[in-house]
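Please work through the exercises below with the sequence and the model side by side, and try each task before reading its solution.

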Amino acid sequence: MKTAARSIPFAPVALAATLLVAFLVLFAPLSASAHDTLVASSPAADSTVETLPAEITLTFSEKLITGDGATELVVTDASGASVVNGPATVDGAIVTQPLVAGGAAGEYHVVWKIVSSDGHPTSGEFSFTVTTSTLTAPTTEPSPTPSATAAQTADAVDRQAADPADSSGDAVGFWVLGIVGVLVLAAVVILVLSRRGNRSTTGSDDLSAR
């Protein structure tokens, strides 16, 4: 007994093949030319950390193209001030951006730009929050307190009382000069009076002789 081979209509097969080829032509170039995407970051997007980390790392889906200006990161605090410390470095698909040593508490904003492995630039942004500030307050030299000033004054008085020669040296010198002056003046007066006495005696002798 012979069975007849069942024939499949050619038109549906041709239509299905045409649709498959069209799908491959349309969507295969799109998947091949897709830009590299950010797959992870530390700190993670929208995360909360205790203090500002020493660096930020971004991990992409493919190895990035490097070169002058190819990779850039901008990290700012809540006031808009930059907290980056030097340029970013690229190691394959990982980008590392050093940050400053201390940072205030608040929200930090990260904006990144890279060149994908297909040669097309791409960019993105995210934020994270710091809960504890690590900024150090500037120190100022304290002014002397009234009690300290009074203690210094009392100490100076005690030193003068313990060594009166130092505190009265000028007065002693003045008195010495005064005494010397008086003695000199007294010597001059005595000399003048003695000369007058000698002259009077000589005159009296001359009158007696006459």
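The exercises go from the overall make-up to the strands, the core, the aromatic pairs and two threonines.

This is a predicted model, in which local features need pLDDT of at least 70 and side-chain atom pairs count only at pLDDT 80 or more, while totals for chains, interfaces and linings use all residues. Residues are numbered from 1 along each chain as its sequence is written, and side-chain values use heavy atoms, with hydrogens and water left out.

**Exercise 1. Overall make-up**

Task: State how many helices and strands the protein has, and in which pattern they follow along the sequence.

Solution: Begin with the DSSP runs, where a helix is H or I over at least four residues and a strand is E over at least two, each numbered from the N terminus. On this basis the protein has four helices and eight strands, and reading along the sequence gives α-β-β-β-β-β-β-β-β-α-α-α. Next, take burial, which means under 20% relative accessible area, with exposed being over 50% and partly exposed in between (1.4 Å probe, protein chains only); of the 210 residues, 17% count as buried. Then turn to contacts, defined by heavy atoms within 4.5 Å: among those with a separation of 6 or more, 61% join residues 24 or more positions apart. Finally, the protein exposes about 15,400 Å², of which carbon and sulfur atoms supply 63%, the areas coming from the Shrake-Rupley method with a 1.4 Å probe and, for residues, with only the protein chains shown counting as cover.

**Exercise 2. Strand pairing**

Task: Work out the order of the four strands in the open sheet, and say which strands are at its edges.

Solution: Two strands pair if DSSP finds at least two bridges between them. In general, the strands of a sheet pair through backbone hydrogen bonds, either parallel or antiparallel. The order of the open sheet is β2-β8-β7-β4, with mixed pairing, and its edge strands, each pairing on one side only, are β2 (48-49) and β4 (72-76). The pairing of β2 with β8 (residues 121-130) is parallel over two bridges, and Thr48 has Thr129 of β8 as its bridge partner.

Other pairings involve β6 (residues 94-98). Strand β3 (residues 55-60) pairs with β6 in the antiparallel sense over five bridges, with Leu58 opposite Val95. Strand β5 (residues 89-91) also pairs with β6 in the antiparallel sense, over three bridges, and here Asp91 stands opposite Ile94. There are two residues between β5 and β6 in the hairpin that they form, and Gly92 in its turn has a positive phi of about 70°.

**Exercise 3. The largest nonpolar core**

Task: Identify the residues of the largest nonpolar core that touch the most other members, and the strand that supplies its largest share.

Solution: A nonpolar core is a set of buried Ala, Val, Leu, Ile, Met, Phe, Trp, Tyr and Cys residues joined through side-chain atoms within 4.5 Å. The largest one has 17 residues, of which Ile56, Leu58, Phe60, Val110, Trp112 and Phe128 touch the most other members. At least two residues come from each of β3, β4, β7 (106-115) and β8, and the largest share, four residues, comes from β7.

**Exercise 4. Aromatic pairs**

Task: Find how many aromatic pairs the whole structure holds, and classify them.

Solution: Rings of Phe, Tyr and Trp (its six-membered ring) pair if their centres lie within 6.5 Å, and planes under 30 degrees apart count as stacked, over 60 as edge-to-face and the rest as tilted. The search finds two pairs. Phe60 and Trp112 are edge-to-face, at 5.0 Å centre to centre with 75° between the planes, and they link strand β3 to strand β7 across 52 residues. Phe60 counts as buried because its relative accessibility is 3%, and Trp112 is buried at 7%.

The rings of Tyr108 and Phe128 have centres 5.6 Å apart and planes at 10°, so this pair is stacked. Tyr108 lies in β7 and Phe128 in β8, so the pair ties together parts that are 20 residues apart in sequence; both residues are buried.

**Exercise 5. Two threonines**

Task: Decide whether Thr71 and Thr122 are buried or exposed, and list their contacts beyond four places in sequence.

Solution: Thr71, in the loop between β3 and β4, is buried because its relative accessible area is 14%. Its contacts are Ile65, Val90, Val95, Lys113 and Ile114. Thr122, in strand β8, is buried at 17%, and its contacts are Asp36, Trp112, Lys113, Ile114 and Ser116.
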